[in-house]
Amino acid sequence: MNSEVTDLPTLALSDVEVKEPNGKIVKLNPEGVDLKSTMVTNRRKLAVCFIGIFCCYFYYGIVQETITRGKYVSGDKTEKFTFTLCLVFVQCIINALFSLLVIRIRKPGADATPHKLYAGCSISYLGAMLASNSALRHVSYPTQVLGKSCKPIPVMILGVLIGGKRYNIFKYLFVTMIVFGVALFMYKDGKVTKSIDSPLIGFGEMLLLVSLTLDGVTGAMQDRMRGYHSTNGQHMMLNVNLWSLLYLALAIALTGEVFEFIPFAQRYPVLLPNMLLFGVTSALGQFFIFLTVSEFGPLTCSIITTTRKFFTILASVIIFSNPVTSRQWLGTLLVFAGLVLDSIFGKSATVKK
């Protein structure tokens, strides 16, 4: 008996319209799912992700600037916050606890990533955070945000030098836009002098360059973990922060920073609640970023975070009276235009054989 059924007609699966008893026409996909209901649900999820990222990092930026650039007055004495190690230590504790909670709830399965990869990745991750927070003691918050928005630059350079990648022409064009925008923003008005006391790039800008470079290294190592070990995002967040806590504990003990931080926090009780809020908004912001990437992809997430950074700069200018000239606004617009266009058109790359 011939059991072949290849001559049977093939049914094409397509969307169908079904009339409900109340007379309403509902469009269903081949699996029987209401398309309109699915679209509404996706819009609501996207709205939740957008509001979550925007609100968390909006307050994160405000609290970060309040802590690091605020003036602490006690009687006739005015002090500044200089305890970057302690600040990042609190941030890493909250990040680790939050990721552990998410792992317990979602149960993503066992993690097979070698601990030596987490140990190495946490060094660049921690260095980037320390450099970024320390930079705020020397540059304005808009400068820091704009500088940290230039991640495509080290990613592309490290991709070419280390990963052997070739990028399309649009990638180079958009990165050039970003570089030109940053140059416009960073350029210092006034007469150029040859004084050694007025360097072209200050210490704060150098810290931002270090932070950007380490961000690129961290991204390359995280890609390696995902590619070779399929590392889950929450496992990565937990283990990288745990290793960072170990390094920070050693650094705080060796430098003795904690012994100066404790009396400082006692003199200014508002500091600890601000540090806790700083850590919570950071952890929640990372959660919403992971959620956006998993539900809608990295492009949507990139556009949301880029938009958020622009409005964070605007809020910093308004709330903290950080002066921004017309030329700097033009540079800001060029940077964010380059970031959005790079997210849409500049992502493709090939590896050299």
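Which element gives the largest share of the nonpolar patch? The largest share, four residues, comes from α6. The structure is a predicted model, in which local features need pLDDT of at least 70, side-chain atom pairs count only at pLDDT 80 or more, and totals for chains, interfaces and linings use all residues. Residues are numbered from 1 along each chain as its sequence is written, and side-chain values use heavy atoms, with hydrogens and water left out.

The nonpolar patch lies on the surface, covers about 610 Å² and is made by Ile169, Phe170, Tyr172, Leu173, Ile344 and Phe345. Patches are made of residues with over 30% relative accessible area and no salt bridge; like charges are joined within 9 Å, and nonpolar side chains (Val, Leu, Ile, Met, Phe, Trp, Tyr) within 5 Å. Accessible areas come from the Shrake-Rupley method with a 1.4 Å probe, and for residues only the protein chains shown count as cover. Two or more residues of the patch come from each of α6 (169-186) and α12 (326-345). Helices (H or I, at least four residues) and strands (E, at least two) are DSSP runs, numbered from the N terminus. One of the patch residues, Leu173, is placed in helix α6 and counts as partly exposed, at 47% relative accessibility. Buried means under 20% relative accessible area, exposed over 50%, and partly exposed in between (1.4 Å probe, protein chains only).

In the interior, the largest nonpolar core has 47 residues, of which Ile67, Phe81, Phe261 and Leu271 touch the most other members. The elements that supply two or more residues to this core are α1 (35-69), α2 (84-106), α3, α8 (233-255), α9 (257-267) and α10 (271-296). Helix α2 gives the most to this core, with 11 residues. A nonpolar core is a set of buried Ala, Val, Leu, Ile, Met, Phe, Trp, Tyr and Cys residues joined through side-chain atoms within 4.5 Å. Not counting residues up to four places away in sequence, Ile67 touches Tyr72, Phe81, Leu87, Leu271, Asn274, Met275 and Phe278. Another core, of 19 residues, lies apart from the largest one and has among its members Leu146, Met156, Val182 and Val317.

Met129 is placed in helix α3 (residues 115-135) and is buried, with a relative accessible area of 13%. When neighbours within four places in sequence are left aside, Met129 is in contact (heavy atoms within 4.5 Å) with Val88, Gln91 and Cys92. Met129 and Leu212 are 83 residues apart in sequence, while their C-alpha atoms are 9.8 Å apart in space.

Aromatic side chains form 16 pairs in the structure. In the pair of Phe83 and Phe261, the ring centres are 5.7 Å apart and the planes stand at 70 degrees, so the pair is edge-to-face. Phe83 lies in the loop between β4 (77-80) and α2, and Phe261 lies in helix α9, so the pair ties together parts that are 178 residues apart in sequence. Rings of Phe, Tyr and Trp (its six-membered ring) pair if their centres lie within 6.5 Å; planes under 30 degrees apart count as stacked, over 60 as edge-to-face and the rest as tilted. Phe83 is buried, with a relative accessible area of 5%, and Phe261 is also buried, at 10%. One aromatic cluster is formed by Tyr72, Phe81, Phe83, Phe261, Phe264 and Tyr268.

The structure holds three salt bridges, each defined by a side-chain nitrogen of Lys or Arg within 4 Å of a carboxyl oxygen of Asp or Glu. The side chains of Arg69 and Glu65 form one of them, at 4.0 Å from N to O. Arg69 and Glu65 are four residues apart in helix α1 and therefore separated by about one helical turn. Arg69 is partly exposed, at 37% relative accessibility, whereas Glu65 is buried, at 3%.

Lys77, Glu79 and Arg267 are linked in a network of salt bridges. Within this network, the side chains of Glu79 and Lys77 meet at 4.0 Å, N to O, and those of Arg267 and Glu79 meet at 2.9 Å, N to O. The pair of Arg267, in helix α9, and Glu79, in strand β4, links distant parts of the chain, 188 residues apart. Glu79 is buried, at 12% relative accessibility. Lys77 is partly exposed, at 49% relative accessibility, and Arg267 is partly exposed, with a relative accessible area of 39%.
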